[in-house]
Amino acid sequence: MRTIRDAGSAELVEKKSRFLCLLERVESEKEAREFIGRCRKQHPDARHHCYAYVLGDSGESQKSNDDGEPSGTAGVPILEVLRRNELTNTVAVVVRHFGGVLLGSGGLIRAYGTAVTTALEAVGTVRRLRARTVLVAVEHSLAGKLDHELRAAGHVPTEIRYGQRAEFDVPIAEGSLDEFRQWATESTGGAAEIAVGDVVFVEVE
């Protein structure tokens with residue numbers, strides 16, 4: 001799955017109607033509803049505030065709403081763009097300011113879908129990879145060398161703790177755990193304690 005790189009927006013004008021798409025990263029249905037509510041307050045003069053969102057590690061939670069547009073002409077096209085781009089933890093709201101010209105069902109479907117596509121192109125997306133947090137613990141005398149070598153190898157720690165030993169939390173793709181364990185062992189001359197922890201998701205271009 002993917003998610004948007006950043007929050008953002010883009011606007012499309014179709015036969016004098018303005019379609020403003022606003023995108024936000026969210027982790028729950030509550031956050032999605034709050035964002036939709038903020039969009040309504042920010043654009044109270046708009047005739048429609050149509051939306052869709054996808055949530056969950058596998059995009060298992062999905063919802064769309066036409067907000068007064070003909071059934072299937074707004075929320076579903078918005079959702080389809082999110083699905084087509086394999087996005088999750090993303091909410092898209094398209095605010096429509098009516099321009100006085102009827103677009104018809106086909107025109108509405110195209111306009112709402114294009115508004116979301118344009119916004120996604122503006123903000124960009126990133127891949128979400130399933131990984132595990134690997135704890136690597138070494139004596140303090142090895143901490144500086146390990147930190148340097150981790151970063152040089154592209155394994156940037158998410159947290160470093162200095163207690164009785166130096167502990168590095170490193171997210172590693174699940175398919176690379178054995179390879180990383182061998183690398184860490186060789187890099188520290190067998191002096192590291194290595195433990196595999198919880199599932200996390202990391203973002204890559």
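This is a short tour of the structure above, one selection at a time.

The model is predicted: local features need pLDDT of at least 70, side-chain atom pairs count only at pLDDT 80 or more, and totals for chains, interfaces and linings use all residues. Residues are numbered from 1 along each chain as its sequence is written, and side-chain values use heavy atoms, with hydrogens and water left out.

**Stop 1: strand 7 and its partners**

Select residues 125-138, which are strand 7. Helices (H or I, at least four residues) and strands (E, at least two) are DSSP runs, numbered from the N terminus. Two strands pair if DSSP finds at least two bridges between them.

Add residues 2-4, strand 1, which runs antiparallel to strand 7 and is joined to it by 3 bridges. Here Thr3 has Val126 as its bridge partner. Next add residues 193-204, strand 10, also antiparallel to strand 7, with 10 bridges. Look for Leu129, which stands opposite Val202. Then add strand 9, joined to strand 7 by 8 antiparallel bridges. In this pair, Thr133 is opposite Pro171. In a regular strand the side chains alternate between the two faces of the sheet.

**Stop 2: the largest pocket**

Keep Pro171 selected and add Gly154, His155, Val156, Ile172, Ala173, Ser176, Glu179, Phe180 and Trp183; together they line the largest pocket. Strand 9 (166-173) and helix 5 (177-187) are the elements that give two or more residues to this lining. The search runs on a 1 Å grid over the protein atoms alone: a pocket is an open set of points with protein on both sides within 12 Å along at least five of seven lines, a cavity is a set where a 1.4 Å probe fits but cannot get out, and lining residues have an atom within 4 Å of a point.

The volume of the largest pocket is about 200 Å³. A volume is the space filled by probe spheres set on the points, and grid points are joined across faces, edges and corners. The lining has 6 nonpolar, 3 polar and 1 charged residues. Ala, Val, Leu, Ile, Met, Phe, Trp, Tyr, Cys and Pro count as nonpolar, Asp, Glu, Lys and Arg as charged, and the others, Gly among them, as polar.

**Stop 3: the largest cavity**

Select Leu142, Lys145, Leu146, Glu149, Ser187 and Thr188, which line the largest cavity. About 40 Å³ of space lies inside. Helix 4 (residues 140-152) gives the most to the lining, with 4 residues.

**Stop 4: the largest nonpolar core**

Which residues touch the most other members of the largest nonpolar core? Select Phe19, Cys21, Leu23, Ile78, Val94, Tyr112 and Val116, out of 26 residues in that core. Helix 3 gives the most to this core, with 8 residues. A nonpolar core is a set of buried Ala, Val, Leu, Ile, Met, Phe, Trp, Tyr and Cys residues joined through side-chain atoms within 4.5 Å. Buried means under 20% relative accessible area, exposed over 50%, and partly exposed in between (1.4 Å probe, protein chains only).

Centre the view on Phe19. Leaving aside neighbours within four places in sequence, its contacts (heavy atoms within 4.5 Å) include Leu12, Val94, Leu108 and Tyr112.

Now select helix 2. Its buried residues are Gly75, Pro77, Ile78, Leu79, Val81 and Leu82, and they pack against strand 4, strand 5, strand 6 and helix 3.

**Stop 5: a hairpin and a loop**

Select strand 4 and strand 5 (residues 61-65), antiparallel and joined by 5 bridges. Tyr51 stands opposite Asn65. The two strands form a hairpin with 5 residues between them, and Gly56 in the turn has a positive phi of about 100°.

Gly56 is also one of the residues touched by Thr88, as are Met1 and Arg128. Thr88 lies in the loop between helix 2 and strand 6. Is Thr88 buried or exposed? Thr88 is buried, with a relative accessible area of 0%.

Asn89 is in the loop between helix 2 and strand 6, and is buried, at 5% relative accessible area. Its phi is positive, about 50°, although Asn89 is not a glycine. Most residues other than glycine have a negative phi. Finish at Lys15, in the loop between strand 2 and strand 3, which has a positive phi of about 50° and is not a glycine.
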